[in-house]
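Visitor: Could you take me on a close look at one part of this structure? I would like to start from the ligand and see how its surroundings connect to the rest of the chain.

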Amino acid sequence: MPVSLSNPSSNSTLLSTESQQASRLGVAIIGLGGAVATTAVAGVALLRAGAMSTTGLPLATLPAALTDQLVGYENLVFGGWDLCPDDLAAAARQHRVLEPQQLAAAEAELSALRPWPAVGNVRFCRNVTGQHLLTVSSHAAAVEAIRADLQRFRQEQNTERLVVLNLASTEAMPDLSLPLFATLEAFEAAVQADDERIPPAMLYAYAAILEDVPYVNFTPSCAADAPALLRLAEVRGVPVAGKDGKTGQTFMKTVLAPALHARNLHIDGWFSTNILGNRDGLALDNAESLASKITTKGSVLDQIVGYKVDNHVVHIHYYKPRGDNKEAWDNIDIEGFLGQKMQIKVNFLCRDSILAAPLALELARLADLAKRRGEGGVAQALGVFFKSPMVPDPSIIPIHSFEQQQAVLLNWLAAGVSAPQPQPAVEAAKGVLAPALASFSPDASAV
Ligand SMILES: NC(=O)c1ccc[n+]([C@@H]2O[C@H](COP(=O)([O-])OP(=O)(O)OC[C@H]3O[C@@H](n4cnc5c(N)ncnc54)[C@H](O)[C@@H]3O)[C@@H](O)[C@H]2O)c1
């Protein structure tokens, strides 16, 4: 399988603002039948029908001058793979996220979508299995089949612009320090040799990058973060982003911790626990998949406060009665003036997919913009959406503070708007959303 390392972004078509918004973006979802994916697809169908507001979509209230560069929500079109063959209406009925009237309103669009056969491997995901599998006999054939799916999707939707979004069940973590993940040559040889240490998520990511399609990893699984794939994405000019959507408990943690730090309240310990009963919870009921999630959830505090937080404990429990209604508890032990001890309790009664689906939609639009800007490799500006933001090099410590991450995103959006038109938009964003934008001027290319 010869791989071209040329950067194809030089061929990308630059469109006018109206065309960016109006032309379609194909979103190929890994895990199309899942709770987050069906909620996202239904949400767009309901938006298109004028049956819901944009509440919950983080970019919907930004000044238009910043977001005009992005494809409109209503112009997102969907396809993708799942281990389960059910159409999306049947899948959504099972997940019980949508209200009955919402399901009814989106039913026609949802039932018209059936997942493509998937690449699965029970070694990497023991608790979620299915028979809707690609009939291929090797890794190399799987990659070719995924690429063919993307080419067909492009043609069917009559659009050049695609994004691959990983919303599949969490896989066990491979050891990324192994030589087979280190260089492109080693990785390709391992693909050809059908090396059993390559997880499905990596095969999808590899195929997407070879098709010059941006790849977004909303899951804790290891995919484009293999050094070999990161390098391939950089040289081909393909944006990659991840990983593990920051939706509930970790979102709250990265809002609260900077405030405690700003008041010099020392964090003695942070105990986090969760219960959830959806299929994501079932996947995490397996110790190896759970380890991937705990790793992404556990990494955020030390960078924010600048010291090692002892006693940062994270637990996740599968508890079926809750379904998608995840509940998260945090107990924070802090020390203040004169060494006095205090406690904070946070109890977040979430709707897992209701928080996650809009972030996934925004990520698809942003990854498409990164591609059109010719940005290959890790799209660091999208770090605000992730528990464990990817970095181009392991020596770089990612920013975790929510407010700082949001400022980075807004700066990145503003940098793509030509002066002097964006000035009012940037001023508005400064006041409302991003104090760190105070020093921004429209001709600065800050990220
Ligand atoms: N708040 C949130 O919901 C949230 C937050 C952060 C991350 N995530 C991650 O997003 C992912 C999706 O969550 P969900 O609640 O929709 O889970 P889900 O179990 O409802 O959906 C996952 C889907 O992926 C499919 N799948 C599994 N392996 C596959 C493969 N190899 N190829 C194609 N499809 C495959 C499953 O059949 C299932 O339909 C999970 O990894 C989860 O950890 C969710």
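Guide: Happy to; here is a walk from the ligand shell into the core and then along the strands. Please keep in mind that this is a predicted model.

Let's begin at the ligand. The shell around the ligand holds 37 residues, and those that come nearest are Gly31, Gly34, Thr219, Arg279 and Asp280. Three elements give two or more residues to this shell: helix H2 (35-48), helix H11 (279-284) and helix H14 (352-372). H14 gives the most, with 4 residues. By chemical character, the shell divides into 19 nonpolar, 13 polar and 5 charged residues. Both domain 1 (8-245 + 354-407) and domain 2 (249-351) take part, each supplying at least three residues to the shell around the ligand.

H14 is a good thread to follow inward. The largest nonpolar core has 106 residues, and among those that touch the most other members are Leu165, Tyr204, Ala360, Leu363 and Ala364. H14 contributes the largest share of this core, 11 residues. As a general background, nonpolar side chains in soluble globular proteins tend to be buried together. Leu363 shows how the core is knitted: beyond its neighbours within four places in sequence, Leu363 is in contact with Leu165, Val216, Phe218, Ala241, Leu382 and Phe385. There is also a second, separate core of 7 residues, which includes Phe124, Cys125, Ile316 and Tyr318.

Two of the contacts of Leu363, Val216 and Ala241, lead to a sheet. Val216 has Ala241 in S5 as its bridge partner, and strand S4 (residues 215-217) pairs with strand S5 (residues 239-241) in the parallel sense over 2 bridges. These strands belong to an open sheet of 6 strands with parallel pairing, ordered S2-S1-S3-S4-S5-S10. At its edges lie strand S2 (76-81) and strand S10 (377-378), each pairing on one side only.

A further set of strands pairs in the antiparallel sense. Strand S6 (residues 266-276) is joined to strand S8 (residues 327-335) by 9 antiparallel bridges, with Ser272 standing opposite Asp330 in S8. S8 is also antiparallel to strand S9 (residues 341-349), again through 9 bridges, and here Ile334 faces Met342 in S9. S8 and S9 form a hairpin with 5 residues between them, and Leu338 in the turn has a positive phi of about 60°.

To bring the walk back to its start, H14 is the element that gives the most residues to the ligand shell, and H14 also supplies the largest share of the 106-residue core.

Key: Residues numbered from 1 in each chain as written. Predicted model: local features only at pLDDT ≥ 70, side-chain atom pairs only at ≥ 80, totals over all residues. Near = placed C-beta within 6 Å. Nonpolar A, V, L, I, M, F, W, Y, C, P; charged D, E, K, R; others polar. Domains from an automatic or database assignment. Core = buried A, V, L, I, M, F, W, Y, C linked by C-beta atoms within 7 Å. Buried ≥ 20, exposed ≤ 12 C-beta atoms within 10 Å, placed from the backbone. Contact = placed C-beta atoms within 7 Å. Pairing = 2+ DSSP bridges.
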